[in-house]
Amino acid sequence: IECYDISHFQGKEPVASGVMFLDGKPYKSGYRHYKIKGYEGINDPAMLHEVIGRRLQRLLNEGESLPDLIVIDGGLTQLTRACEAAIALDISDLPMIGLAKKREEIYFPGEMIPYQFDKNSPSMRLLRHIRDEAHRFGVKYHRERRNKATLKSILSDISDIGIERRKKILTYFAGKKKVQDATLDELAQIPGIGGKLANSIYEKIKNSSGRKDGSNVG
């Protein structure tokens, strides 16, 4: 079973996540991140269409087995666009469902009315687990990308930071914490930075930290 989710912050830095479960358990080697290439702004259905198309095309190109089931994090609109990607590749018989968060309803292709099952049944618990894992995986990746973009923007405004120093700073923060949470002491401890430059970076971070953290997930 594979599950796909979209993450972005008000349409910025949109990414997708794909997780794979094998025999009911997470199969980390099958996890995938996707940078959205064809769309900007808030358009989760279209982004899902792109990602599902890319995933299925790659499986076909490499002669790999198709999933037994694809779960889309979302309702009928998201599911419909994902199915269109499969239809375009002539694999319309690929099992696919949408799992909507609000009421934990399941949508089937071509059916307007969703189904509700016992939320505590083993099957529903498994589907919710897969959906939540896709959400977690996607949000983590999105925040890392947004963190990096924020830091690059801050560093570009400081004239004393060259290519090498920029690399060291970006490496230090990669996958660790939000730039906005950095302390002056932490910045000063980065090799090649020093107290004066650390203070300049810290002031820039404070001036740019008014944005609220969050993500929008399809």
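Buried here means under 20% relative accessible area, and exposed means over 50%. The structure shown in all views is a predicted model.

**View 1. Overall composition of the chain.** Six helices and eight strands make up the regular elements of the chain. Read from the N terminus, these elements follow the order β-β-β-β-α-β-α-β-β-α-α-α-α-β. The chain has 218 residues, of which 43% count as buried.

**View 2. Contacts and surface of the chain.** Among contacts in the chain with a separation of 6 or more, 60% are made by residues 24 or more positions apart. The surface exposed by the chain amounts to about 12,000 Å². Carbon and sulfur atoms supply 49% of that area.

**View 3. Asp-23 in the loop between β2 and β3.** The view is centred on Asp-23, a residue of the loop that connects β2 (12-22) with β3 (25-26). Although Asp-23 is not a glycine, its phi is positive, at about 55 degrees. The relative accessible area of Asp-23 is 75%, so this residue counts as exposed, the cut-off for that class being over 50%.

**View 4. Glu-104 in the loop between β6 and β7.** Glu-104 is placed in the loop between β6 (96-100) and β7 (105-107). Its phi is likewise positive, about 55 degrees, and Glu-104 is not a glycine. Is Glu-104 buried or exposed? Glu-104 counts as buried because its relative accessibility is 13%, and the limit for buried residues is under 20%.

Definitions and conventions. Residues numbered from 1 in each chain as written. Predicted model: local features only at pLDDT ≥ 70, side-chain atom pairs only at ≥ 80, totals over all residues. Heavy atoms only, no water. Helix = DSSP H or I, 4+ residues; strand = E, 2+ residues; numbered from the N terminus. Buried < 20%, exposed > 50% of the residue type's maximum accessible area, 1.4 Å probe, protein only. Contact = heavy atoms within 4.5 Å. Areas by Shrake-Rupley, 256 points an atom, 1.4 Å probe, with all protein chains shown as cover.
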